[in-house]
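Work through the exercises below with the sequence and the coordinates at hand. Each task is followed by a worked solution.

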Amino acid sequence: MAVLSVDGIRLAFDGVVAVDGVSFEVGESELFAIIGPNGAGKTSIFNVLSGVYRPQQGSVEFNGENLLGLRPHRIASRGMSRTFQNIELFSHLTVVDNLMLGRHNHMKYGALSAFLLLGRARDEELKNRSAVEDVIDFLELEQWRRFPVGLLPYGVQKRVELGRALAMEPRLLLLDEPVAGMNVEETEDMARYILDVREELGIPMIMVEHDMGLVMDLADRVMVMDFGRPIRTGTPAEVQADPDVIRAYLGEQHRSVAS
Amino acid sequence: MDEFLQSLVRGLGTGSIYSLLALGFVIIYKSTQVISFAQPAFMLAGAVLVSYLAPQVSFFGAVIVAALVIAVLALGVERTVLRPMVGKPVFVVAIITIGVDVVVRVVTNAFIGLEVRQVGDPWGLTTVSFLGAEVQQRYLVMIGTTAVVTAALFLFFRYSRIGLAMRAVAYDQEVALAQGISVGSVFALSWALAGGLAALAGVFVATGAGVDQQLWIVALKALPAIILGGLESLGGAVVGGLAVGVVESLFGTYQGDFAPWLGPNFGLVAPYALMLLVLLVRPYGLFGKREVERL
């Protein structure tokens, strides 16, 4: 059964069509990649999924529930978490605090019990703090725990952002250019963590990425976008061989290198 | 020496009132980027409510009930009057809060009438001996209560999930939404907190002198306090409030002896003079964020 099914999405800002006729499904523990030139509408799709934009047409079903019209925080609380293209961490807060924010919806106590230090508030905080510790172990962030994230190296910040998304215990993870701006070593580290997420946690993912090597190595299926429209969806091998895709995105050069 | 100690305690006491009010301003400003001018009305309403409730449920019971009622009132105002304005220019929203202030104050005035109402506090103007000086008991109570409230707020923002969520919203609303944080609830809660704090401040102002229709003017002293401390900083609000109180009180005591040429009652103006001085050196306030703008 599909975790997410997107059908016939059309999103326009006045006359400008950002996304049109986009349909795809993401299965359980599948890693689905979206590629395409800049401005192809990849991030717009993420913004539709997470409720920031509302499309004029089409439907989005997440675990059998219609998501369109839900506010972003409601969608997040249903288990869709995301990372951002340019790191969007709370840079003045520590790594632990950033991850605790990911746990926001796993705690239920209200403002009054927070003030009166009722037992329930403390128990929940402690339980969720230990869940955060698991994520810190998983992503090997131990040495950075107490640092304000703004002070950390770029690659580590990207990892913290992945950590915050994982702390939500998502049922679907949206990764927007997880290795953008990283050097080879950092990219390899991130690839390893993404594989760990799939293999050990079994969380389905949608990844937008420009690093072709990474996409072709990791993804189960790839959707190629151009000018807001999908031009081909298939396995990495199928997509790489598609003449339309080569023309739009990979370039003729790629064919000669590949063949 | 006694005179100095008395002025200092009086200054810290009234300064505590300014601090409570300033905390409310800063809490609302941090989450919504709006300066709420409705604080004076909530302060007045809190004091009036206590003056009606105290005979029934004792003074302390009345304070707790009034703080909660005013918190709920402020929350209701946010939900109904301000929520539709989310995304509109903050200037417009700030003007609306002036409207809210006027409405709440006019309604409250009807419950005051022309007399001075008493809140029925147990301290009145009685004094105790403090380090050898006779100081009014109520000032010590104000200082103590404000210290406890400030500590509770600090712990709340530092350690609770909701406090953390409020800090996240202050930093970036869109990213906070992506963590499943309801930005609307954070707005409502910050109004509720500010309302409760204002009610408490109102009760303190009313101890000793009682409540009349002019009581709200005291709340305006919180403005130099927040500018002094920096609009973004809770700690700054507390320090700013205390500084305003102490400066006002010391000027009131000594200015007549040392600088009579400044004219009588210069103490009332002193906080604003202090504010201007600080702004000359640190335009973003003592603890405020330095705004960096790229052109």
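**Exercise 1.** Determine in which sense strand β1 (residues 127-130) of chain B pairs with β2(B), and over how many bridges.

Solution. The model is a predicted one.
- Step 1: the two strands, β1(B) and β2(B), run antiparallel, and four bridges join them.
- Step 2: one pair to locate is Ser129(B), whose bridge partner in β2(B) is Glu134(B).
- Step 3: in this hairpin two residues lie between the strands, and Leu131(B) has a positive phi near 50 degrees.

**Exercise 2.** Check the length of helix α5 (residues 137-159) of chain B against the expected span, then list its buried residues and what they pack against.

Solution.
- Step 1: the helix α5 of chain B has 23 residues, and at 1.5 Å a residue these should span 33 Å.
- Step 2: the end C-alpha atoms of this helix are 33 Å apart, so the model agrees with the expectation.
- Step 3: Arg138(B), Tyr139(B), Met142(B), Thr146(B) and Thr150(B) are the buried residues of α5(B).
- Step 4: these buried residues pack against β2 (133-136) and against the helices α1 (2-32), α8 (183-206) and α10 (234-258) of chain B.

**Exercise 3.** Describe the side of chain B that touches chain A.

Solution.
- Step 1: the contact involves 21 residues of chain B and 23 residues of chain A.
- Step 2: on the chain B side, α5, α6 (161-171) and α7 (173-178) are the elements that give two or more residues.
- Step 3: α6(B) contributes the most, eight residues.
- Step 4: by class, the chain B side has 13 nonpolar, five polar and three charged residues.

**Exercise 4.** Is Leu93(A) buried, partly exposed or exposed, and which residues does Leu93(A) touch?

Solution.
- Step 1: Leu93(A) sits in the loop between β6 (80-82) and α3 (95-102) of chain A.
- Step 2: a residue is buried if 20 or more other C-beta atoms lie within 10 Å of its own. Leu93(A) has 19 and is therefore partly exposed.
- Step 3: leaving out residues up to four places away in sequence, Leu93(A) touches Asn98(A), Pro148(A) and Val149(A), as well as Arg167(B) of chain B.
- Step 4: Phe147(A) is 54 residues from Leu93(A) along the chain, yet their C-alpha atoms are separated by 7.9 Å.

**Exercise 5.** Characterise the contact between the domains of chain A.

Solution.
- Step 1: the domain assignment gives domain 1 (1-79 + 170-259) and domain 2 (90-169).
- Step 2: their centres, taken over C-alpha atoms, are 27 Å apart.
- Step 3: domain 1 of chain A gives 10 residues to the contact and domain 2 of chain A gives 11 residues.
- Step 4: on the domain 1 side, helix α7 (residues 184-201) of chain A supplies the largest share, four residues.
- Step 5: that side has seven nonpolar, two polar and one charged residues.

Terms used. Residues are numbered from 1 along each chain as its sequence is written. Chains are lettered from A and ligands numbered from 1 in the order in which they are written. This is a predicted model: local features need pLDDT of at least 70, side-chain atom pairs count only at pLDDT 80 or more; totals for chains, interfaces and linings use all residues. Domain bounds come from an automatic or database domain assignment. Two residues are in contact if their C-beta atoms, placed from the backbone, lie within 7 Å. Ala, Val, Leu, Ile, Met, Phe, Trp, Tyr, Cys and Pro count as nonpolar, Asp, Glu, Lys and Arg as charged, and the others, Gly among them, as polar. A residue is buried if 20 or more other C-beta atoms lie within 10 Å of its own, exposed if 12 or fewer, and partly exposed in between; C-beta atoms are placed from the backbone. The expected span of a helix is 1.5 Å times one less than its number of residues. Two strands pair if DSSP finds at least two bridges between them.
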